[in-house]
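Here's a quick tour of one protein chain, going from the overall build down to a few local details. Have the viewer open as you read.

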Amino acid sequence: MPTVHLLDYVAGNVRSLVNAIEKLGYTVEWIKSPADVPKAGKLILPGVGHFGHCLTQFASAGYIEPIKAHIAAGKPFMGICVGLQALFEGSEEDLAVPGFGLIPGQLKRFDDQDKSVPHIGWNSANTSATGQFAEESLYGLRPDSKYYYVHSYAAPYREGELEAAGWSVATARYGDEKFVGAIAKDNVLATQFHPEKSGAAGLRVIRAFLEGRKSDKLSSRREAAAAKEGLTRRVIACLDVRTNDNGDLVVTKGDQYDVREKDGISAGGAVRNLGKPVDMARKYYEQGADEVTFLNITSFRNCPVADTPMLEILRRTSETVFVPLTIGGGIRDTEDTDGTKISALEVATLYFKSGADKVSIGSDAVTAAEEYFARGKQLSGTTAIETISRAYGNQAVVVSVDPRRVYVSSQDSTAHHTIRTSTPGPYGEEYCWYQCTVKGGREGRDFDVHQLVTAVEAMGAGEILLNCIDKDGTNSGFDLELISDVKASIKIPVIASSGAGNPGHFGEVFTKTTTDAALGAGMFHRGEYTVKQVKEYLRDQGLLVRQFEE
Ligand code: 1PR
């Protein structure tokens, strides 16, 4: 089997990249020291997280000169995400650390005045924007395909500048900022997006690199296709996973977090079993889900952490599902069955190595945020959010929020952040606040969602998964008031969750709020609607979505 070399350093989820390469018929060999670099024919430099942290690691391990020598020798080289950023002169993210300096220019942070940062989701990498490759595809890139990006810093695109230095460029647009999505010259290809997470469109780019096909003629259908630039509306399928009473791991789904069947007389029946996690994840991938989230809603307390069944689920899912995977449940400092202490960072590392792109933190984030407020809004530096985001970048840390409405008659009757609601409470109360809960909604805290999201944003969370217990499983639509209130409080992206019952609810949340993504569970699991139908509905409403590519 032909081989490709990958640089082995802590770069988040490299398992998916390995899976993608193996699916294309290649074997991966690891570069474990600078002395291995000259052995590489084709070399891939993956990377996520902080520019300065990654570049400092390369430099202190002695990788920079051997990589530059590989490129100068004309051997194929591909950089992904921070692997692209490393080729530039530097980044605003860490001005003290220089890049390789092969591409002129510096990375800049996206302006968050008018949009969420990080930029997370599916966007273009369009060569026709530069005119150079209007009728050819650069390394399999297509103007109407979408690719998965996750980053806060980007190389701004200024017409003609990079081209003058001999580079071919594919661009994307976020808000009114146009930036480099992919760039190539001679033996070098680099992508800001993650091709290994970009479904068939991304695999095509990796294949073209591995086969050395720099350009192909675009088919007339492709040429004719009008490319719409910009971030697409992200639709996420969520799988709540737990063991049922027979000890099997199943996808379940609650009504307001109660996952047991009701027999009509009494509650507390068997755990609802809606299917097998790996099979269902694959099904949603094929329906066009932009991401898949697994929430391990009970912890496996009797099992050593390294044998947690969710790890195996991720390993198997990432073999065939090439979109981002998030895993939540049990991400906290813990004690193993033999009494060994395991930090949240170590737990998260196990998940990243098994194929997760993001971890989602629930209960532990509430405790950390309460302590942050108790310290007078001072960071401790030791929370799960801080340690994981420092090591893997804030885009890798999602905070899952499980709020419940508490109605009050007036704003003055509580110290909490209230909203005026258009759905008054049982006694006609016109105001409510959203109470944070822990342990899957079983315990309410004297802490509101506004406090929580502002605290976790300050700690370095990259995204909020915003559930709502009142809405969960009701099929009555998302809680638009909650979503709008949270969006107004923070700059990081928000995933709206709980209440989706039909495609119209997705249309509603995307047009009536500024949510960055929307998640559904029960309506997909029960087979009432497919993700594809949701996407088609959104497209018919004039909203930009990614369509599944074979
Ligand atoms: O506290 O860090 O161990 O994380 C536990 C995680 O498990 C949290 O993310 C928490 O939201 C989740 N969880 C705990 N108990 C339940 C439960 O249902 N009993 N599920 C639970 C949360 C809610 C959503 C659901 C949407 C959409 N599930 O993720 O998928 O509400 O549902 P719908 O579209 O059918 O309305 P920790």
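## The big picture

The chain holds 17 helices and 29 strands. Bear in mind that this is a predicted model.

How does the radius of gyration of the chain sit against that of a compact globule? For 550 residues, a compact globule would come out near 24 Å, and the chain has 23 Å, so the two agree. If you'd rather think in box dimensions, the C-alpha trace spans about 75 × 55 × 45 Å along its principal axes. As for the interior, 52% of the 550 residues count as buried. Contacts also reach far along the sequence: taking those with a separation of 6 or more, 71% are between residues 24 or more positions apart.

## A crossing of two helices

Now zoom in on helix 11 (residues 363-374) and helix 13 (residues 449-459), whose axes come within 9 Å and cross at roughly 85°. Angles from 65 to 115 degrees count as roughly perpendicular, and therefore helix 11 and helix 13 get that label.

Who touches whom here? Helix 11 brings A365, V366, A368, A369, Y372 and F373, and these meet Q451, L452, A455, V456 and M459 of helix 13. Sorted by class, this contact has 10 nonpolar residues, one polar and no charged ones.

## A three-stranded open sheet

Strands of a sheet pair through backbone hydrogen bonds, in either a parallel or an antiparallel way. One open sheet in this chain is built from three strands, ordered 5-6-10, with mixed pairing. Its edges are strand 5 (88-91) and strand 10 (153-154), each of which pairs on one side only.

Look at strand 6 (residues 103-109) next: its pairing with strand 10 is antiparallel and runs over two bridges. To find the spot in the viewer, pick K108, which stands opposite A154 of strand 10.

## Strand 9 and its partner

Is strand 9 (residues 147-151) mostly covered or mostly open? Mostly covered: five of its five residues are buried. Y147, Y149 and H151 point one way, Y148 and V150 point the other way, and all of them are buried. So much for the side chains; the pairing comes next.

Strand 7 (residues 119-123) runs antiparallel to strand 9, and five bridges join them. A handy marker for this pairing is N123, whose bridge partner in strand 9 is Y147. That same Y147 is one of the buried residues of strand 9.

Methods. Residues numbered from 1 in each chain as written. Predicted model: local features only at pLDDT ≥ 70, side-chain atom pairs only at ≥ 80, totals over all residues. Pairing = 2+ DSSP bridges. Helix = DSSP H or I, 4+ residues; strand = E, 2+ residues; numbered from the N terminus. Rg over C-alpha atoms; globule rule 2.2 N^0.38 Å. Buried ≥ 20, exposed ≤ 12 C-beta atoms within 10 Å, placed from the backbone. Contact = placed C-beta atoms within 7 Å. Axes fitted to C-alpha atoms, helices over the stretch in contact; angles between N-to-C directions. Parallel < 35°, antiparallel > 145°, perpendicular 65-115°, else oblique. Nonpolar A, V, L, I, M, F, W, Y, C, P; charged D, E, K, R; others polar.
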